[in-house]
Structures are given as structure tokens and as C-alpha cells.
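Me: I have a model open and would like to learn how to read its packing. Can we go through it feature by feature?

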Amino acid sequence: MQGDNDQLASFWMPFTANRSYKAHPRQLVAASGMYYQSGDGRRILDGTSGLWCSNAGHCRPEIAEAIAKAATTLDFAPTFQLGHPLPFELAQRLAALMPEGLDRIFFTNSGSESVDTALKIALAVQRAKGQGTRTRLIGRERGYHGVGFGGISVGGIVSNRRTWPGLPGTDHLRHTHDLARNAFTRGFPAHGAELADDLQRLVDLHGAETIAAVIVEPMAGSTGVLIPPAGYLQRLREICDRHGIILIFDEVITAFGRVGAATAAEAWGVTPDIITMAKGLTNAAVPMGAVAVKRDLHDAVLESVPGGIELFHGYTYSGHPLASAAGLATLDLYAREGLFERANELAGYWEDAAHSLKGRRHIIDIRTIGLVAGIELEPRPGAPTARAMELFHAAFDSGLLVRATGDIIALSPPLIVEKAEIDAMFGKLAELLDRID
Ligand code: PLP
């Protein structure tokens, strides 16, 4: 089908209302630091780090130079039964940033691939430990774990699951979102730690000997900034320990400084067995993901086979030279500019600015942690999600990029954001909230 605008017809856009976009395209053509430039020449303040990924701001020359150098030195080399130096170096650097013990790194090209890799590793570990009956994978309602078959099966977003059969043998914890008890919280909501006991309920239902792993986002981003209740993640960890269940944190959004440390696991003091990452790993300049695995889990898989390939899994581009070079330059930047600490330094200012919107029209909740804010709007009667989408469009048209997910506006600016830009973001939102119906 050719749309109104034939030049745009061929690109079947991901997670996009293609017909409506192509009727009213909004293009980005350049970026620098905190700003995008739109196709019609306007500066757009980036309130979302692209898609939660350009944590050090856009078009950083150090990263661009590293990519260019890699492209002209070794454009590609296989990592199947061969190697090249960059991914070894990056893995070592990344391992040093992970919580104690998670120092074995598998490279992928995206968050979705990291999730599917983590789930496959969890199954391989259980099998290697003689626990082959443990094949069940547990996720959580309103979880987003990318779009692979593994990810949608443990994920809990209905639109991602409706069209496709998920994997058999999965189940879900309830989500923790509870406005009745937790509206307008700063940091961890006070209520809901007991929802972690859902895992015990599933153990009682299915038998621990059938459950391989549970995967959660420490903070769910894509479904609208769902912050874990105080004590929830700790309780999940305890139940996993009690029953030999592997705990996976999907940190595709939360890793690399978003909540004030290299990982949410570190920031919030709960150590999972496996961490998935992507996005901020390369500042999004080249696609790359990674999975950090506890050394004893890794060793169990290696020791379970007498010789030869231990894990029949990998991608042509695992540890790609350009991505690895971008990753190394990005980690350098994060360290040099102290960007992981920056979310902590700015968190108070950010929180006050976000919560200053309380009382504005349509707002039923504001929640903040690190450099993240979720602003939940009352759904328009008969037209859920329409209000937030309208706000997203109005913001873009007036020079601010926000993210609309359901009836929630999510904000997660690059970690280089300045206070004046924080003021500009929330000032603009205040103005627009008064304007839209
Ligand atoms: N996991 C989480 C927690 C995410 O937020 C995302 C993307 O937003 C993904 C996985 C999927 O990542 P990708 O789009 O790179 O496949």
C-alpha cells in the first residue's frame, strides 16, 4: 500500500503507527549533546536520551573517532573460534563495573538478544547442574524484555503477546504498580514488597524443580516507569535463593548511570545472577548488547561438557569491532565525566522539578528515581492513551522530546543534562498540560 507520502512508504517502521506517521512525519536529521535537530530545522531538547540509550548525550566526538578508527583498522572479524582484541578488552572493563561475581560477559547486538541469551544461558546452567527439569521461565506483568520469542514470552505487555504464540512453560508475577497506595512517591514506593511473594505462589503451584529462572526489570521503564517497592527486589532474591531459581535483572534501561551507579543492582544493593544490558553500553552509537553472568554459572556450563563448544549460541556480530570500540570509548567517557554519579547529584533537583507539576490538569501520578520520571495522566474517557500521545506530539512540535507509553509520559534525559535544561523540560510540560484537553 502506498501512503500519502510515497518517499516514506517502503520503511515499515517499528513500534509506530505507520499510517499516521507517514501522513504527518516528524523527522530527526542531526544531534549534538542534549539536542536533536528536526527536519524543519528546529532544536529539540532530548528528554529521553533517544530511547533511553544516549546516556552521554549525542554525537560525542570521542566515540565517533573510536568507531572510525575501528572501521578503518579491522572492519570485521569473526568471534567464532577466532578473536580480536577489542571485545576481550571491553568484556574485562565491563566485568569490573558489574556487581561482585558477575564477571563473565557474552556480547549481543540489542536488548532483545541479551534477554533471549540470558534465558538460554539460564536453561543451560540448570541443565549443566543436573537440574534439567527446570525449564520454566517466569516474568512479570507489565514487563518489557524486547521482542524475541523469549522476551515476549516472559514479557507482560499484551500488545506484544497477542499476535504471537509465546513459549510454552512460562508464567508471570503480578506487576507492582499501585496508585491507590503509592501515588506521588519519590524514590521507592513504600507499599508492595509482599508482591514478591508471588514467586513463592508460583513455586507452590508449579514446583521449584520446574522453574529455571525469573526475569524482572529492577525498574520497568517501557511500561511507564514502575519503580520497585522498598524491599521488593531483596525479597525476590531471597525466594530465588531458597529455591535454586536463577535471578535475572534486565538492566537494558537501568544500567550505565540511569539510577546513579553502573547498574541498578549496585545502586539498590541486590545482586542477581545474570544482568542483561544494551543501549547505554555504546551510548547507542553502534548497536550492542551484553549479558553479565556470575562466574560459577559460567563455569558450570563450561565444566559440563568434556570438550568442544560449551554453549551453542552466538551472533555473527557478537563483539563486533565497531561496537566494541564504541563501548570502550563510551565507558571512558562515563568514567572521565563521572556520569554515573551525576544522576545521584541531580536526583534531588530532578525530583523537585518533576513533582512541581503535581496539581496540574490531568496528572494522577508523578514518580521519580535517579534521572527518570514517570508522569501518569488520567486516560481520556473512551480514548485511552490519546492524551499522552497528543502531549508527545505537542511537546515535539514545541521543541521537547518526551516518551509516551500508554497514558504515561516518561522522561530520562542524557546524564549530561544541566539544571536549566531540567527547568526547561518541566516548564514546557506545565505549559502544554494547561493547553491539551
Ligand atoms: N529490555 C528492556 C528492559 C528494554 O527496555 C528494552 C528496550 O527498551 C529491551 C529489553 C529491548 O531492547 P532492544 O530494543 O535493543 O532489543
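Me: In which hand does helix 15 pass helix 16, left or right?

Reply: First, a caution: this is a predicted model. To read a crossing, look at how one helix is turned against the other. Here helix 15 passes helix 16 in a right-handed crossing.

Me: At what angle do helix 15 and helix 16 pack?

Reply: Compare the N-to-C directions of the two axes. For helix 15 (residues 386-397) and helix 16 (residues 419-435) the angle is about 125 degrees. Their axes lie 10 Å apart. That angle makes helix 15 oblique to helix 16.

Me: Which residues make that contact?

Reply: List the residues from each side. Helix 15 supplies L391, A394 and A395. Helix 16 supplies K428, L432 and R435. By class, the contact has 4 nonpolar residues, no polar ones and 2 charged ones.

Me: How is helix 14 packed against helix 16?

Reply: Read the angle and the distance together. Helix 14 and helix 16 pack at about 20 degrees, and their axes are 9 Å apart. Angles under 35 degrees count as roughly parallel, and helix 14 and helix 16 are therefore roughly parallel to each other. Helix 14 also passes helix 16 in a right-handed crossing.

Me: Which residues of helix 14 and helix 16 meet?

Reply: From helix 14 come Y349, W350, A353 and A354. They meet K419, I422, D423 and F426 of helix 16. This contact divides into 6 nonpolar, no polar and 2 charged residues.

Me: Now the sheet. What is the strand order in the open sheet of 4 strands?

Reply: Read a sheet across its strands, neighbour by neighbour. The order is 11-12-15-14, and the pairing is antiparallel. An edge strand pairs on one side only; here the edges are strand 11 (363-369) and strand 14 (403-405). On average, neighbouring strands of this sheet are turned by 20 degrees against each other, direction ignored.

Me: Over how many bridges do strand 14 and strand 15 pair?

Reply: Count the bridges, then find a residue pair to look at. Strand 14 and strand 15 (residues 408-411) pair in the antiparallel sense over 3 bridges. To see the register, find R403, which stands opposite A410 in strand 15.

Me: Which strands does helix 14 lie across, and which does helix 15 lie across?

Reply: Take each helix in turn and note its direction against a strand. Helix 14 (residues 339-355) lies across strand 11 and strand 12 (372-377). Its run is at about 175 degrees to strand 11. Helix 15 lies across strand 12, strand 14 and strand 15. The angle of helix 15 to strand 14 is about 170 degrees.

Me: How do the axes of helix 4 and helix 13 cross?

Reply: Use the routine from before: distance, angle, hand, residues. The axes of helix 4 (residues 85-97) and helix 13 (residues 321-336) come within 9 Å and cross at roughly 35 degrees. Helix 4 passes helix 13 in a left-handed crossing. In helix 4, the residues are L86, P87, E89, L90 and R93. They meet P321, S324, A325, G327, L328 and L331 in helix 13. The classes here are 7 nonpolar, 2 polar and 2 charged.

Me: Last, the ligand. Which residues around the ligand come nearest?

Reply: Start with the nearest residues, then look at the whole shell. Of the 14 residues around the ligand, S110, G111, S112, G146 and V252 come nearest. Helix 5 (residues 111-128) gives the most to this shell, with 3 residues. By class, the shell has 5 nonpolar, 7 polar and 2 charged residues.

Note on methods
Residues are numbered from 1 along each chain as its sequence is written. This is a predicted model: local features need pLDDT of at least 70, side-chain atom pairs count only at pLDDT 80 or more; totals for chains, interfaces and linings use all residues. A residue is near a molecule or strand if its C-beta atom, placed from the backbone, lies within 6 Å of it. Helices (H or I, at least four residues) and strands (E, at least two) are DSSP runs, numbered from the N terminus. Ala, Val, Leu, Ile, Met, Phe, Trp, Tyr, Cys and Pro count as nonpolar, Asp, Glu, Lys and Arg as charged, and the others, Gly among them, as polar. Axes are lines fitted to C-alpha atoms, for helices over the stretch in contact, and angles run from 0 to 180 degrees between N-to-C directions. A crossing is left-handed if the near helix is turned anticlockwise from the far one by less than a right angle, and right-handed if clockwise. Two residues are in contact if their C-beta atoms, placed from the backbone, lie within 7 Å. Two strands pair if DSSP finds at least two bridges between them. Angles under 35 degrees count as roughly parallel, over 145 as roughly antiparallel, 65 to 115 as roughly perpendicular and the rest as oblique.
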